[in-house]
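Colleague: Could you take me closely through one part of this model, the parallel sheet and what surrounds it? I would like one connected account rather than a list.

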Amino acid sequence: MLEIKNLSIKTLNEEKEIITDLNLVINKNDKLAIIGEEGNGKSTLLRCIYNEQLIKDYAIVTGKIIKNNVNIGYLEQFLDKNWNNQLVGDFFVKNSPNGEIDYDKYSEIYKLDEIFKELNINYNEFENKMIANLSGGEKVKIQIAKILFNSPELLLLDEPTNDIDIPTLEWLENFILKSEIPVVFISHDEVLLENVANGILHLEQIENKTKAKYTIEHIGYREYVEKRKYLIDRQYQISRYEQKEYEKQMEKLNNIYNSVKYQQETITRRDPGGGRLLKKKMKNVKSMEKRMLNQEITQAPEVEEKIFAKFHNEDEIHNSKIILDYFLEELKVNNIILKKDIHIKVIGKEKVCIIGKNGAGKTTLIKKIYDDMKNRKDIKVGYMPQNYDELLGENISCIDYLRTDYTKQEETIIRTYLASMKFTQDEINSDVSNLSGGQKAKLFIVKLILEKANVLILDEPTRNLSPLSNPIIRGLLKNFDGTIISVSHDRKYIDEVCTRVIEL
């Protein structure tokens with residue numbers, strides 16, 4: 001259906017390989033998950049498959065993508081901001097925010113009630129809403145509906161689970177499983193990966209993120225993770241064993257060499273026969289040394305190193321302390337009352353997660369909670385928004401974003417923490433606008449660590465992190481010795497980190 005031949009993608013300055021010599025065939029019923037750490041080129045690859053022109057401003061492409069006139073549906077990770085001032089109805093019948101309306105499509109749109117119902121969208125209510133006024137999850141839903149509206153033969157989905165509620169997540173899983181349409185997707189949601197993927201394309205960056213490697217396996221996600229771990233551990237064991245044996249042999253050879261050399265230096269001229277024997281022995285020793293130096297030893301596997309970080313809170317939260325006793329008479333969005341008489345109480349080191357359907361007002365509520373708590377003197381509050389750009393400025397480097405006193409000591413600490421999150425030196429000094437969504441998430445986590453907050457308010461903290469980073473970040477938050485008030489649809493985060501769930 002779609003074939004990729006010898007595809008290579010490099011940055012324009014050719015300092016970084018994004019993809020090297022990728023060969024791949026996508027067939028009917030394939031459910032291929034693209035995985036890899038943040039900034040490894042997953043979204044770039046998906047854009048390139050859809051339309052090479054989307055990456056021409058920052059990348060050079062060689063090789064072939066043979067599409068065979070397949071009708072491709074592409075879900076972008078972030079909806080183009082230019083759509084914000086458009087109506088939902090126009091979104092379905094325009095190819096671009098400034099495009100003309102296709103009235104033939106408008107007449108067809110009411111035939112798609114089933115798609116909207118399954119996505120919990122009432123089209124009659126949404127048709128005349130501005131896209132800017134939709135929640136993050138609602139924006140994802142209308143994008144999915146539009147893609148299905150155009151009857152695709154191949155789906156490319158970039159983080160389809162971002163922001164969507166749990167019922168829609170379950171619908172998406174069921175849809176992908178039952179669909180005969182091949183699906184190539186990127187997701188941080190490990191439950192989705194475990195339940196639907198029947199193939200894995202793993203993108204890695206090695207040699208300080210200057211070289212690219214990839215692995216393709218036609219197996220499920222959990223099986224891939226277990227197989228990869230087994231192969232890596234086994235290769236490490238073989239490498240260590242061979243290295244040890246090599247060192248033993250070299251030590252033995254070195255001892256023989258030193259012994260022969262000493263004998264050569266102390267032998268008298270009256271023993272020419274002994275001298276000849278020692279000379280022959282030294283020649284054999286050097287020959288053995290040459291063979292040893294040319295001996296191939298199994299190398300330790302070239303894989304990306306795991307991230308490492310830890311929270312250090314200065315002020316302990318006592319288990320009986322009332323962290324939050326919050327009452328809200330009316331929760332409103334655009335003058336629409338979503339909920340009345342909200343009362344949330346959080347005590348001690350609870351880890352609370354607020355869940356609910358898209359459009360229920362979860363992000364609005366958690367912002368209000370943060371505004372209520374941020375100036376408290378008895379606790380130190382750290383905040384991670386759903387939309388990172390709310391707090392990230394433009395034309396500022398990662399290191400400058402994290403600075404407070406601009407001392408050399410502070411800069412060293414910041415660089416150490418960013419490196420522990422696998423930021424390269426180039427990324428540390430680059431503009432935050434150049435970072436992927438996952439890298440921005442890690443930047444916020446570093447900020448929370450450096451602030452030494454004992455109360456964390458987090459809106460979808462795991463939504464842009466890779467499935468390989470997420471278990472580590474979940475462990476970090478689970479072991480956080482303080483209070484967490486969060487919003488999430490990440491089922492593993494809810495199960496592993498949260499001690500209480502509040503449904504809005």
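Modeller: In this predicted model, strand E12 (residues 351-355) and strand E15 (residues 483-487) pair in the parallel sense over four bridges, and within that pairing cysteine 353 has serine 486 of E15 as its bridge partner. The two strands belong to an open sheet of five strands with parallel pairing, whose order is E13-E14-E15-E12-E16. Its edges are formed by strand E13 (381-384) and strand E16 (500-503), each of which pairs on one side only, and from one strand to the next the twist averages 15°.

On the E13 side of the description there is a helix to add: helix H15 (residues 437-451) lies across E13 and strand E14 (455-459), and runs at about 175° to E13.

At the other edge, strand E16 contains isoleucine 502, which is buried, with a relative accessible area of 19%; the cut-off matters here, because buried means under 20%. Leaving aside neighbours within four places in sequence, isoleucine 502 is in contact with Ile344, Val352, Cys353, Ile354 and Ile355. Cys353, one of these contacts, is the residue already met as the bridge partner of serine 486. The contact with Ile344 joins positions that are 158 residues apart in sequence, although their C-alpha atoms are 8.6 Å apart in space.

Isoleucine 344 leads on to a further pair of strands. Strand E10 (residues 322-333) and strand E11 (residues 336-347) run antiparallel and are joined by ten bridges, with aspartate 325 standing opposite lysine 345 in E11. The hairpin that E10 and E11 make has two residues between the strands, and in that hairpin asparagine 334 takes a positive phi near 50°.

Before these strands in the numbering comes a helical pair that completes the picture. Helix H9 (residues 221-266) and helix H10 (residues 272-293) pack with their axes 10 Å apart and at an angle of about 160°, so the two are roughly antiparallel to each other, and their crossing is left-handed. On the H9 side the contact includes Tyr246, Met250, Leu253 and Ile256, while on the H10 side it includes Leu278, Met282, Val285 and Met292. The residues of this contact divide into twelve nonpolar, three polar and five charged, with Lys261 of H9 and Glu289 of H10 among those taking part.

Notes: Residues are numbered from 1 along each chain as its sequence is written. This is a predicted model: local features need pLDDT of at least 70, side-chain atom pairs count only at pLDDT 80 or more; totals for chains, interfaces and linings use all residues. Side-chain values use heavy atoms; hydrogens and water are left out. Axes are lines fitted to C-alpha atoms, for helices over the stretch in contact, and angles run from 0 to 180 degrees between N-to-C directions. Angles under 35 degrees count as roughly parallel, over 145 as roughly antiparallel, 65 to 115 as roughly perpendicular and the rest as oblique. A crossing is left-handed if the near helix is turned anticlockwise from the far one by less than a right angle, and right-handed if clockwise. Contact means heavy atoms within 4.5 Å. Ala, Val, Leu, Ile, Met, Phe, Trp, Tyr, Cys and Pro count as nonpolar, Asp, Glu, Lys and Arg as charged, and the others, Gly among them, as polar. Two strands pair if DSSP finds at least two bridges between them. Buried means under 20% relative accessible area, exposed over 50%, partly exposed in between (1.4 Å probe, protein chains only).
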